[in-house]
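Biologist: I should like a close look at a single part of this protein chain. Please set that part within the chain as a whole, in terms suited to a first-year student.

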Amino acid sequence: MNTMTTTTPALAVPARQAATPRCAPAWRAPAALLVIGCAACALMPDQLGLMTRIFITALFVLSLDLVVGVAGLATLGHAALFGMGAYAAGIFALKVHPDPLVGLGVGIAAGAGLAMLSGAFLLRYQGFTFLMLTIAVSQILLNLAQKARDWTGGDDGLSGFVMGPVMGRFDFDLEGRVASLYALAVLVVLFYAARRIVDSPFGLAVRGIHENRARMAALGTPVFARLWVLYTVAGAMAGAAGALSAQTNAVVGMDSLSFALSAEALVMLILGGAGRLTGALIGAAVFTVLHHTAASINPYHWLFVVGGLLMLVVLVSPAKAWAWLRRRAGGVR
């Protein structure tokens with residue numbers, strides 16, 4: 001009896017530990033992104049403009065992944081949030097103060113505010129109705145930007161503002177070193193925040209809503225409130241991407257509110273795989289590099305390459321492709 005009494009607890013501890021799932025720390029993927037981004041900037045100093053564009057696009061697609069991949073809300077009007085942040089940051093720099101970090105905060109607030117206001121109405125609908133309403137919101141903002149020429153510059157775009165140094169010390173240079181590292185730093189911080197949100201109980205509840213909305217509602221989950229909060233967070237991240245675009249390019253065009261930008265972001269998300277966050281980064285990098293390379297070779301027919309790649313992704317999902325590569329790598333001796 002004494003032997004059984006002393007050994008039972010000892011056996012129970014390893015069993016309990018084995019049953020506990022092991023999750024990768026939330027900082028691991030952002031840290032890897034920081035290392036890869038810095039290495040890319042260091043190894044390709046003549047492509048810093050392209051690197052900056054990749055980082056900004058990746059942040060925009062990451063915000064879209066929260067809406068489409070995590071929450072399961074199909075949208076083709078996500079550019080409205082991006083453009084809102086871009087115009088807010090540009091107007092703030094032109095008329096109020098050129099500080100980049102303050103302007104970034106203004107862009108984040110503008111994107112979050114638009115998402116909060118529009119989401120209060122849009123999220124009451126689902127499916128095709130929600131999809132069409134997001135397009136309608138984007139087109140309304142596009143029309144307003146065209147009409148408000150005194151503020152937005154209309155079809156000529158918003159320009160004439162010069163950004164101040166980052167943190168009062170680092171001036172934007174012609175080579176793009178400060179711009180690329182600034183965009184990378186913002187991407188890493190917001191990627192970490194997105195990872196923490198998705199892995200939290202709140203994020204798991206949103207994934208549950210994506211899988212079965214009726215069941216989560218029956219369990220007492222406030223479905224609308226959860227989706228509204230996540231949509232606002234996604235709007236803040238899209239606004240940050242728009243603000244970075246305005247600050248690093250010193251110009252905001254009407255294309256920042258265009259339907260084409262929303263469609264391209266969705267294509268990037270499909271290329272990388274929705275719902276995993278890292279897929280948004282991979283898809284944005286692949287699409288941007290492919291666009292840059294194919295357009296430089298043939299500026300008129302580069303979309304054929306993108307179309308073929310999309311067909312390949314539809315026929316062979318990224319998950320199956322990664323599994324095949326792992327099997328091939330495991331078979332090499």
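Modeller: The account below begins with the whole chain, turns to one helix, and ends at a patch on the surface. The model is a predicted one. In it, the protein chain has 15 helices and 0 strands. Of its 333 residues, 45% are buried. When contacts between residues at least 6 apart in sequence are considered, 77% of them join residues at least 24 apart.

The part chosen for a close look is helix α11, which covers residues 223-249. This helix has 27 residues, and at 1.5 Å a residue it should span 39 Å. The C-alpha atoms at its ends lie 39 Å apart, so the expected span and the distance in the model agree. As to its surroundings, 19 of the 27 residues of α11 are buried, and the helix is therefore largely enclosed by the rest of the structure. Buried here means under 20% relative accessible area. Just after α11 comes A250, which takes a positive phi of about 60°.

The surface may be considered next. The protein chain has an accessible surface of about 17,600 Å², and carbon and sulfur atoms account for 68% of that area. A nonpolar patch on the surface is formed by L101, M167 and F170, which together have about 310 Å² of accessible area. One of these residues, F170, is placed in the loop between α7 (149-152) and α8 (177-199). Its relative accessibility is 41%, so F170 counts as partly exposed, a class that lies between the limits of 20% and 50%.

Technical notes
Residues are numbered from 1 along each chain as its sequence is written. This is a predicted model: local features need pLDDT of at least 70, side-chain atom pairs count only at pLDDT 80 or more; totals for chains, interfaces and linings use all residues. Side-chain values use heavy atoms; hydrogens and water are left out. Helices (H or I, at least four residues) and strands (E, at least two) are DSSP runs, numbered from the N terminus. Buried means under 20% relative accessible area, exposed over 50%, partly exposed in between (1.4 Å probe, protein chains only). Contact means heavy atoms within 4.5 Å. Accessible areas come from the Shrake-Rupley method with a 1.4 Å probe; for residues, only the protein chains shown count as cover. The expected span of a helix is 1.5 Å times one less than its number of residues. Patches are made of residues with over 30% relative accessible area and no salt bridge: like charges are joined within 9 Å, nonpolar side chains (Val, Leu, Ile, Met, Phe, Trp, Tyr) within 5 Å. A salt bridge is a side-chain nitrogen of Lys or Arg within 4 Å of a carboxyl oxygen of Asp or Glu.
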